[in-house]
Amino acid sequence: MNQIYFITSAPIQYEFGRLNIYQSFTSVSKGEVFAPLSLSASDDLNGKKFEFQVGDITNIFTASSGQTLETGKMFVKHYKHLRLVSTELLNPILFDMENLISEKDFFSMDLDNALNVARTNFVKSFYKGKLKESKNNLVKRFDQLLQLLKSNPKSVVIGHAFFLKLLEIYLFNKEAFESEDALLKAFNPNQRPFNALEGFVYLS
């Protein structure tokens, strides 16, 4: 039995450059910029108690660029035996934050409620095929990724939170993809998908 560990990146900075937090979210969601890791990211990784023993891991899989790749590089820097593999199969699901919640609405409520609205509309848009990537194309990516991982046991996969949450649903509750209400319930948009450097385990 092959255990694959899926986790999100180290903590990131939500405000950077001259952008406010909404502008940062918008630019990152479109793939125009990558959110930098937080200044505490290295310490957070070193102090994290993972569900896996890093010494038992051989491969670290990440997206081709951005915060997951930078997190993977930190793993490899701290643990010299690890092999870093970047792949487009783990690239984030691109969308336009402005289509999920307007800047005016975003700042008219507290941050938690604004993000709940954005996540809810993300799931609805995904189900209705209104994101930049279709549901069918994402499922193809999932299947290709899982096939890749079959031949690479002892792996940790670092992915973006929305990508990993939908992958988790696909693996453990695939029928939820057939109903908007079921998908919303499974995704639970009123809760953050995963904390930094956390995720789920899959037995293949």
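Which residue in β3 does Asn-59 stand opposite? Work through this and the exercises below on the predicted model.

**Exercise 1. Place Asn-59 in its strand pairing.**

Solution.
- Step 1. Find the partner. Asn-59 stands opposite Arg-83 in β3.
- Step 2. Set out the strands. β2 covers residues 59-62 and β3 covers residues 83-86. The two run parallel, and 4 bridges join them.
- Step 3. Add the connection. Helix α3, residues 67-78, forms a β-α-β unit with β2 and β3. The unit is right-handed.

**Exercise 2. Describe the largest nonpolar core and name the elements that build it.**

Solution.
- Step 1. Count the members. This core holds 45 residues.
- Step 2. Pick out the best-connected ones. Phe-106, Phe-122, Phe-163, Leu-166, Leu-167 and Phe-177 touch the most other members.
- Step 3. List the elements that give two or more residues: β1 (3-8), α1 (21-29), α5 (111-127), α6 (135-150), α7 (161-172) and α8 (180-187).
- Step 4. Find the main contributor. α7 gives the most, with 8 residues.
- Step 5. Zoom in on Phe-122. Beyond its neighbours within four places in sequence, Phe-122 is in contact with Ile-93, Phe-95, Leu-100, Leu-131, Phe-162, Leu-166 and Phe-187.
- Step 6. Look for a separate core. Another one, of 20 residues, lies apart from the largest core. Its members include Ile-12, Ile-57, Met-74 and Leu-82.
- Step 7. Recall the general trend. In soluble globular proteins, nonpolar side chains tend to be buried together.

**Exercise 3. Check the span of α7, then state how many of its residues are buried.**

Solution.
- Step 1. Work out the expected span. α7 has 12 residues, so at 1.5 Å a residue it should span 16 Å.
- Step 2. Compare with the model. The end C-alpha atoms are 16 Å apart, which agrees.
- Step 3. Check burial. 10 of the 12 residues are buried, so α7 is mostly covered.
- Step 4. Read the buried list. It includes the charged-type names Lys-165 and Glu-168 alongside Phe-162, Phe-163 and Leu-164.
- Step 5. Find the packing partners. The buried residues of α7 pack against β1, α5, α6, β4 (155-159), α8 and β5 (199-203).

**Exercise 4. Are Ser-29 and Leu-146 buried or exposed?**

Solution.
- Step 1. Locate Ser-29. This residue is found in helix α1.
- Step 2. Apply the cut-off. Buried means under 20% relative accessible area. Ser-29 is at 5%, so it counts as buried.
- Step 3. Trace its polar reach. The Ser-29 side chain reaches the backbone oxygen of Thr-26 at 2.9 Å.
- Step 4. Add contacts beyond four places in sequence. For Ser-29 these are Leu-94, Phe-95, Asp-96 and Met-97.
- Step 5. Turn to Leu-146, in helix α6. Its relative accessible area is 16%, so Leu-146 is buried.
- Step 6. List its contacts, again leaving aside neighbours within four places. Leu-146 is in contact with Tyr-170, Leu-171 and Tyr-202.
- Step 7. Compare sequence with space. Leu-146 and Leu-89 are 57 residues apart in sequence, and their C-alpha atoms are 9.8 Å apart.

**Exercise 5. Which value of phi does Asn-188 have, and which does Leu-197 have?**

Solution.
- Step 1. Asn-188 has a positive phi near 55 degrees, and is not a glycine.
- Step 2. Leu-197 has a positive phi of about 65 degrees, and is not a glycine either.
- Step 3. Place them. Asn-188 is in the loop between α8 and β5, and so is Leu-197.
- Step 4. Sort by accessibility. Asn-188, at 33%, counts as partly exposed. Leu-197, at 4%, is buried.

Definitions and conventions: Residues are numbered from 1 along each chain as its sequence is written. This is a predicted model: local features need pLDDT of at least 70, side-chain atom pairs count only at pLDDT 80 or more; totals for chains, interfaces and linings use all residues. Side-chain values use heavy atoms; hydrogens and water are left out. A nonpolar core is a set of buried Ala, Val, Leu, Ile, Met, Phe, Trp, Tyr and Cys residues joined through side-chain atoms within 4.5 Å. Buried means under 20% relative accessible area, exposed over 50%, partly exposed in between (1.4 Å probe, protein chains only). Contact means heavy atoms within 4.5 Å. Two strands pair if DSSP finds at least two bridges between them. A crossover is right-handed if, with the strands pointing away from the viewer, the path from the first strand over the helix to the second runs clockwise. The expected span of a helix is 1.5 Å times one less than its number of residues. A polar contact is a pair of N or O atoms within 3.5 Å; within protein, one must be able to donate a hydrogen and the other to accept it, and residues adjacent in sequence count only if both atoms are side-chain atoms.
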